[in-house]
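Student: Could you walk me through this structure? I'd like to see how the side chains pack together.

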Amino acid sequence: MSDDAETDGGTAIEVTPEDGNLVDRLVAAKDGERFVAVAAFVGVFAMPFVLIDVLGVFDTLIGLSLGGFVGLPTLILSFGIVAVGYNLLLGYTGLLSFGHAALFGSAAYAAGIFSNNVVASPLLAVVVGIAVATLLSWPIGFLSIRRSGVYFAVLTLTFGQMLYFYAFGPGSWLTNGDDGYTPFDVAGGPDLLGFLAMDASITTLFRDITGLTLTLTDGLDMTVGYMLAGLVGVLAIVVAHRIIKSPYGLILKAIGQNEQRVAFVGLNVFRYKLMAFILSGVFAGAGGALYALSKAGLTVHPDATLYWVVSGDFVIITAVGGVGSLAGPLIGAVVFEYIRLVVQGITVPGTEFQIGSLWRLLLGVVFVVVVTLFPDGIYGGLSSLGDRLVERFGAATDADTDDRRPVEEVEETGGDD
Amino acid sequence: MSQNIDRRDVLKGAGAAGIAGLAGCVGGESGGDAEYPAIGNYPVEGDEVVLGFNVPQSGPYASEGNDELKAYNLAVEHLNNGGGWVDMWDDLSAGGILDKTVISVEGDTATTPATAEESATQMIRNDGAIMITGGVSSSVAISQQKLCQQERVQFMSCLTHSNATQGADCVRYGQREMHNAFMTGKALAPILVEEFGEDLNFYSMYADYTWGTSNRNSMKRFLEDEGWTQTDEAPTPLGESDFSPYMQDVPREETDVLLLIHFGADAANSIPAAFDAGLDEDMEIVVPLYDTIAANSASDDIGGVYGTVDWNWQLGEEDEFAQAFVDAYREAEGGVPSYAARLAYSATMRYAAAVERAETFYPPEVIKQLEGHEYDNTGIGEAVSRGCDHQSQRDVFVVQGREPSEQEDGALLSLVGTTDKETAGYACDAGPAANCELGDYGEDS
């Protein structure tokens with residue numbers, strides 16, 4: 001909870017010190033929406049380059065295939081977007097849902113089924129995915145939020161598993177069951193707005209338009225599909241940021257910290273919790289639809305979308321990256337997918353030993369280490385490191401540094417414990 | 001991963017009509033100089049070539065997957081250093097494929113299409129695999145070959161028996177040597193009728209995915225053609241551990257024959273469950289596709305049970321290639337190979353030989369070498385990997401489980417008949433082939 005702004009009667013105020021050095025000004029700007037949008041944009045569109053090209057250097061240097069591959073960043077984004085929304089629920093409102101696979105998976109299937117039966121439009125598919133996940137999150141949330149703690153988690157888990165079993169068996173007329181559903185099953189793959197092929201990349205577009213050959217590295221040569229996912233990702237981050245910084249977000253945060261107090265003030269806690277659940281459903285829908293898009297012509301399978309393990313993955317992604325921060329879930333998604341898809345394939349040099357299915361063990365170790373060392377996740381660890389650097393190099397006054405203490409410390413003075 | 005740089009150019013440039021220079025391009029590949037346009041992971045640079053072995057190392061088919069992996073490693077060993085079929089095939093010689101050392105990457109499909117697809121993606125894009133092979137489940141094979149068609153990477157199916165694999169879901173970049181459910185039905189139905197009698201009722205219990213449903217359909221079709229009647233059918237989820245409730249539902253009075261369409265751990269659980277429920281006293285049990293590894297774990301309960309297999313190591317007595325493989329496997333691993341192992345070994349060798357014949361790794365040329373190729377050197381007798389649907393037309397072996405007292409030295413099954421490929425097979429416009437549209441080679445012409 002390090003990115004709190006100063007509050008005044010429920011309105012968020014941005015601190016903009018006119019004096020102070022560059023470090024202070026950056027710190028002050030850190031929570032502004034424009035800064036967040038620019039940072040998200042840079043982060044999202046630099047990610048393929050870092051993952052594929054920069055890490056790919058190790059391939060040639062020491063023969064260890066640490067580089068990502070084309071397609072990995074899209075998967076990271078679709079899971080990352082779900083986690084950003086999930087974090088509104090877990091990190092701010094304090095609700096541990098174990099059923100987000102249901103929302104993610106339903107959106108993926110809905111987008112896929114829509115694409116094959118109505119129109120194979122990526123944009124409309126995203127809209128349909130969001131709509132279905134939102135509509136679904138309302139009843140699931142409505143019924144689950146009536147119970148708290150373990151019972152809430154188990155109820156959401158139950159809803160998720162019900163959908164999983166439906167998709168697997170009885171619903172296979174719709175979902176194609178265990179064989180998996182092929183979304184966007186159109187010749188040549190789906191296209192954006194009727195003319196931009198989703199798998200066309202910058203170089204091919206450049207060549208089609210100018211007739212000249214442009215040479216880019218794999219990481220820089222983004223596809224239309226990735227750019228779409230990237231824009232949805234940036235939008236998701238900005239929306240999440242706005243929610244967090246709004247009075248509404250502050251109430252969610254307050255519920256996460258002390259539900260009774262919020263009820264005492266006269267607010268309808270149930271309604272806020274339900275809205276947090278539905279909001280997270282919107283994000284899960286966008287993520288699910290993008291996932292289906294990344295699987296165009298391939299397979300969406302219940303095991304990878306609706307299964308309870310996927311719900312657990314969202315929890316792990318959010319917790320590893322940093323609960324209660326905007327960037328945390330995205331960092332978590334990068335770490336998680338990197339371990340799952342890249343580290344998994346690493347063969348230890350000089351031996352024939354491949355990590356393979358041991359990746360979950362490795363992920364467990366990473367999870368334990370991160371949670372033990374940085375209870376606020378990787379982002380929490382990074383940001384406290386950043387704070388120390390700011391203290392060291394910034395010329396700021398004490399008031400500023402005070403403000404950067406965790407909310408609990410500031411607000412829980414004279415608490416009821 | 002420099003091989004990848006202009007892959008997409010080729011993919012999407014189809015409209016740009018880059019015909020020039022393709023027409024007269026035949027001949028050997030020298031020192032990595034590409035004579036064909038880049039496509040998929042072609043050209044193969046450096047002095048190594050990567051093959052991707054994507055097998056189930058977890059999930060209900062893990063035992064079969066592990067046996068495949070042993071055979072794959074054996075194949076790599078032979079391709080690089082000689083031995084086994086490499087010494088016997090004219091097309092092959094030690095020293096790798098086209099003088100490039102063969103190295104391999106492994107993946108775990110976890111017996112689920114989603115995971116298989118992801119590990120195959122990684123092999124193709126990260127490791128630069130020129131060919132992917134492996135898999136036990138048909139849904140896994142289908143998802144992988146869809147990906148391979150998109151990525152322009154050859155996929156050699158290993159153990160997949162669903163009609164859809166080289167039927168409705170067939171792709172140009174896929175090849176299957178194993179027989180399919182249709183051929184099983186054609187081969188098995190007449191033998192069952194002859195053995196058990198006419199006008200019988202059968203009950204079908206099947207794993208609820210493409211392989212199970214296509215076996216249910218094909219067995220139903222051919223048994224009903226013979227005058228039998230299906231009373232009912234029951235789907236079971238893949239990976240089911242307790243089959244006893246399903247066995248209780250089988251109507252004992254009216255059922256004469258029970259078809260158990262299960263494989264791997266499913267079969268190892270369901271066959272004993274049928275015996276435990278005493279169904280063997282009231283009806284005959286038939287396993288249309290025998291899994292020799294599962295038969296091993298259910299060896300007390302397979303006496304008299306009919307089914308088909310891709311191959312059995314006992315065929316080594318009459319086929320020198322089968323024998324060479326059994327010997328090499330026995331020496332390397334101890335014990336006898338399952339047919340999953342033979343399929344894996346054969347898939348690798350057939351691909352390597354096709355590359356050698358094409359004298360290039362350029363996928364369209366390799367595919368053309370496989371299309372219509374007649375061969376008799378994979379331990380299953382004479383076969384042809386047909387051009388119209390990429391389904392090998394080959395003999396089907398009908399087997400029967402031995403009573404526990406007659407099982408010796410790992411010989412659990414007896415060969416009761418071989419249905420030749422003309423009888424078991426089907427024309428290009430019939431059966432599963434009628435639904436097959438292979439898709440394109442991906443060439444720019």
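Tutor: Let's go through this predicted model by way of a few questions on its cores, rings and backbone.

Student: Okay, which residues have the most contacts inside the largest nonpolar core?

Tutor: As a rule, nonpolar side chains in soluble globular proteins tend to be buried together. Here the largest nonpolar core has 102 residues. Within that core, the ones with the most contacts are B:Met247 and B:Leu258.

Student: Which helix gives this core its largest share of residues?

Tutor: The core draws at least three residues from each of domain 1 (2-179 + 317-394) and domain 2 (181-309 + 396-424) of chain B. Its largest share is 14 residues. They come from residues 339-358 of chain B, which is helix α12.

Student: Leaving aside sequence neighbours within four places, which methionines is B:Leu258 in contact with?

Tutor: Setting those neighbours aside, B:Leu258 touches a list of residues including B:Tyr203, B:Val250, B:Ala274 and B:Ile285. Look through the rest of that list for Met, and you'll find B:Met247 and B:Met283.

Student: And how many residues are in the second, separate core?

Tutor: This one includes A:Leu88, A:Ala108, A:Phe283 and A:Ile339. It is separate from the core we just talked about, and its count is 100 residues.

Student: Let's do rings. Is the A:Phe41 and A:Phe45 pair stacked, tilted or edge-to-face?

Tutor: The two residues are 4 apart in helix α2 (residues 33-54) of chain A, so about one helical turn separates them. Their ring centres are 4.6 Å apart, with 40° between the planes. Stacked needs under 30 degrees and edge-to-face needs over 60, so this pair is tilted.

Student: Which of those two is buried, A:Phe41 or A:Phe45?

Tutor: Buried means under 20% relative accessible area. A:Phe41 has 41%, so it counts as partly exposed. With a value of 16%, the buried one is A:Phe45.

Student: How many residues apart are A:Phe104 and A:Phe314?

Tutor: These two form an edge-to-face pair, 5.4 Å centre to centre with 75° between the planes. A:Phe104 is buried at 0% relative accessibility, and A:Phe314 is buried at 0% too. A:Phe104 lies in helix α5 (residues 100-117) and A:Phe314 in helix α15 (residues 308-321) of chain A, so the pair links distant parts of the chain, and the separation is 210 residues.

Student: Which tryptophans belong to the aromatic cluster with B:Phe325?

Tutor: Besides B:Phe325, the cluster takes in B:Tyr329 and B:Tyr345. Its Trp members are B:Trp85, B:Trp89 and B:Trp311.

Student: The charged end of A:Arg146 sits over which ring?

Tutor: The distance from that charged end to the ring centre is 4.5 Å. In chain B, B:Arg330 sits over the ring of B:Trp313 in a similar arrangement, 6.0 Å from its centre. For A:Arg146, the ring belongs to A:Phe142.

Student: Now the backbone. Which two residues does the cis peptide bond join?

Tutor: Look in the loop between α1 (7-12) and β1 (48-55) of chain B, where B:Pro43 is placed. Omega is about 0° for the bond that joins B:Tyr42 and B:Pro43.

Student: Last one: what is the phi of B:Arg152?

Tutor: B:Arg152 is in the loop between α4 (138-151) and β4 (154-157) of chain B, and its relative accessible area of 12% makes it buried. It is not a glycine, yet its phi is positive, at about 60°.

Definitions and conventions
Residues are numbered from 1 along each chain as its sequence is written. Chains are lettered from A and ligands numbered from 1 in the order in which they are written. This is a predicted model: local features need pLDDT of at least 70, side-chain atom pairs count only at pLDDT 80 or more; totals for chains, interfaces and linings use all residues. Side-chain values use heavy atoms; hydrogens and water are left out. A nonpolar core is a set of buried Ala, Val, Leu, Ile, Met, Phe, Trp, Tyr and Cys residues joined through side-chain atoms within 4.5 Å. Buried means under 20% relative accessible area, exposed over 50%, partly exposed in between (1.4 Å probe, protein chains only). Domain bounds come from an automatic or database domain assignment. Contact means heavy atoms within 4.5 Å. Rings of Phe, Tyr and Trp (its six-membered ring) pair if their centres lie within 6.5 Å; planes under 30 degrees apart count as stacked, over 60 as edge-to-face and the rest as tilted. A charge sits over a ring if NZ of Lys or CZ of Arg is within 6 Å of the ring centre and within 35 degrees of the ring normal.
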